[in-house]
Amino acid sequence: MTAITPTAASSKDRVVIFDTTLRDGEQCPGASMTYEEKLEVAELLEEMGVDVIEAGFPIASQGDFEAVQEIARRAGPDVTIAGLARAISGDISRAAEAVRVAKRPRIHTFVSTSPIHLAHQMKKSEEQVLDIIAATVAQARNLVEDVEWSAMDATRTPIEYLIRCVDAAIKAGATTINLPDTVGYSVPDEYAAMFRAVIERVPNSDKAIFSTHCHDDLGLAVANSLAGVAGGARQIECTINGLGERAGNAALEEIVMAIRTRGDVLPYSTAVETTMLTRASKLISAVSAFPVQYNKAIVGRNAFSHESGIHQDGMLKNAETYEIMTPESVGVKATSLVMGKHSGRHAFREKLKDLGYELGDNALEDAFKRFKDLADRKKHVYDEDIEALVGDEVATASETIRLLSLTVIAGTGGPAKAIISLDVDGTHITKEVAGNGPVDATFNAITAIVPHQAKMSLYQVHAVTEGTDAQAEVSVRLEEDGKSVTGRGADPDTMVASAKAYLSAVNKIAVKRQRQHAQAASA
Ligand code: KIV
Ligand code: ZN
């Protein structure tokens with residue numbers, strides 16, 4: 001039996017952390033990730049000690065299937081890889097095919113149980129849904145040993161019927177029972193009471209682990225998740241940065257740090273290495289192009305800054321006066337090596353190690369050159385600058401279209417003009433193109449050299465650090481044939497960062513096209 005059994009890591013009850021950033025998080029409008037980005041996220045989640053990674057929804061697309069399968073193939077023995085499936089036979093067999101290669105595979109199948117969903121969406125009776133649960137859970141259980149069943153919209157389901165559904169799922173072989181607050185409607189006492197009632201009244205409830213899954217429509221997702229645990233759940237489904245449908249899901253970093261910080265009233269433990277939370281947050285923000293709000297708990301940039309004189313005075317006397325957890329405990333460096341134009345390769349390599357990056361010799365050399373170039377142009381080089389620079393380096397490594405130079409002429413005098421030179425598969429091409437403003441001119445010039453039909457659905461700029469010499473980090477999302485890709489670029493010059501981001505997205509589109517052609521040719 002490969003199902004996760006929470007073991008007492010100490011005297012505290014172990015809570016299974018189920019991360020659904022790659023499924024529910026990615027489902028959020030505009031947050032889609034590329035294949036490579038999904039693999040990178042999964043690798044980080046595994047390293048961080050997440051117990052279950054819901055890697056995607058294999059039936060949704062060929063791309064989703066391939067990403068789930070590759071994540072499953074690469075996963076080690078300590079992490080469970082789940083694939084989502086509706087209560088439909090084809091979904092379940094596809095999910096099984098994708099996760100089967102994992103050392104710990106799980107099928108997560110769900111069906112709606114609330115009257116409003118049954119009447120309007122499913123157009124099925126309660127008895128019909130009970131039959132569907134029995135048949136689909138049994139099918140999944142014949143394919144893998146670890147089966148999670150979810151009662152979609154559980155919190156708006158009458159308790160008597162919910163109990164019958166859970167009973168049917170456990171009898172058919174479900175090893176985890178998830179009771180989601182799909183629409184973010186519940187409140188903590190009510191959510192806890194639902195778990196207590198179900199666990200108490202379903203005869204075989206001890207045969208399964210109960211799980212929470214909360215959405216944040218009323219801002220209660222984390223509070224509800226913790227209340228669910230108080231009610232008997234021992235798995236929490238959550239996402240990094242709270243990414244997810246509508247207002248998002250319960251934020252993993254908040255749950256893990258609440259459990260760690262308030263062990264006096266939350267007597268549970270998780271296996272998550274909390275010092276990796278900030279890195280995970282940054283990665284998810286970058287690949288999803290969803291910025292983290294400054295005052296976001298745990299991972300917001302202000303989460304450990306103290307502005308008021310009284311707070312600063314207290315902090316200088318004793319950090320515990322105003323900090324309930326240390327910045328180091330979530331991976332924020334309180335003091336940092338100051339990096340500048342006089343820093344050498346050794347310090348740079350050490351700094352990268354500190355930030356969690358191990359680059360090969362060539363990539364390190366390239367990154368070092370870019371760092372020197374940045375340090376020449378910018379007074380203070382912060383950790384965030386280096387992360388942006390290295391992130392950019394990692395992203396550009398496999399690109400075939402590269403920026404060689406860019407000059408932009410803009411102002412009140414007339415239409416903006418961009419003169420751009422690109423290296424396209426080894427050929428240098430230069431164009432001069434006008435546009436409605438400097439960004440438009442730059443993007444038009446790129447499109448003149450690399451024609452494409454993709455529509456831009458997002459252009460976002462944010463300053464990585466403070467000051468007018470801060471690096472700009474730009475995200476650009478392009479959509480073609482119903483698929484979207486996000487490119488990122490960083491540079492102290494916003495136009496150069498914009499060009500890099502646009503080119504990164506164009507490169508990704510080219511890779512997608514190549515992959516589609518290869519698939520069509522081999523079909
Ligand atoms: O919110 C929800 O109900 C879900 C299910 C698929 C588990 O995401
Ligand atoms: Zn959900």
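These legends describe three close-up views of a predicted model.

**View 1. The zinc ion (ligand 2) and its donors Asp24, His213 and His215.**
Three residues coordinate the zinc ion (ligand 2): Asp24 through OD, His213 through NE2 and His215 through NE2. The distances run from 2.0 to 2.2 Å. Along the sequence, the donor residues follow the spacing D-x188-H-x1-H. His213 has a relative accessible area of 5%, so it counts as buried. His215 is buried too, with a relative accessible area of 5%.

**View 2. Helix α4 alongside helix α6.**
Helix α4 covers residues 89–99, and helix α6 covers residues 126–143. Their axes come within 10 Å and cross at roughly 20°. Angles under 35 degrees count as roughly parallel, so α4 is roughly parallel to α6. The crossing of α4 past α6 is right-handed. From α4, the contact takes in Ser89, Ile92, Ser93 and Ala96. From α6, Thr136, Gln139, Ala140 and Leu143 take part. By type, the residues of this contact are four nonpolar, four polar and no charged.

**View 3. Asp153 and its surroundings.**
Asp153 sits in the loop between β6 (146–152) and α7 (159–172). Its relative accessibility is 0%, so Asp153 counts as buried. Beyond its neighbours within four places in sequence, Asp153 is in contact with Thr113, Ser114, Ile116 and His117. Pro180, Thr182 and Val183 are also in contact with Asp153. Pro115 lies 38 residues from Asp153 in sequence. In space, the two are 9.3 Å apart, C-alpha to C-alpha.

Technical notes. Residues are numbered from 1 along each chain as its sequence is written. Chains are lettered from A and ligands numbered from 1 in the order in which they are written. This is a predicted model: local features need pLDDT of at least 70, side-chain atom pairs count only at pLDDT 80 or more; totals for chains, interfaces and linings use all residues. Side-chain values use heavy atoms; hydrogens and water are left out. Axes are lines fitted to C-alpha atoms, for helices over the stretch in contact, and angles run from 0 to 180 degrees between N-to-C directions. Helices (H or I, at least four residues) and strands (E, at least two) are DSSP runs, numbered from the N terminus. Angles under 35 degrees count as roughly parallel, over 145 as roughly antiparallel, 65 to 115 as roughly perpendicular and the rest as oblique. A crossing is left-handed if the near helix is turned anticlockwise from the far one by less than a right angle, and right-handed if clockwise. Contact means heavy atoms within 4.5 Å. Ala, Val, Leu, Ile, Met, Phe, Trp, Tyr, Cys and Pro count as nonpolar, Asp, Glu, Lys and Arg as charged, and the others, Gly among them, as polar. Donors are N, O and S atoms within 2.8 Å of the metal (3.2 Å for Na, K and Ca); water is not among the atoms, so sites may look incomplete. Buried means under 20% relative accessible area, exposed over 50%, partly exposed in between (1.4 Å probe, protein chains only).
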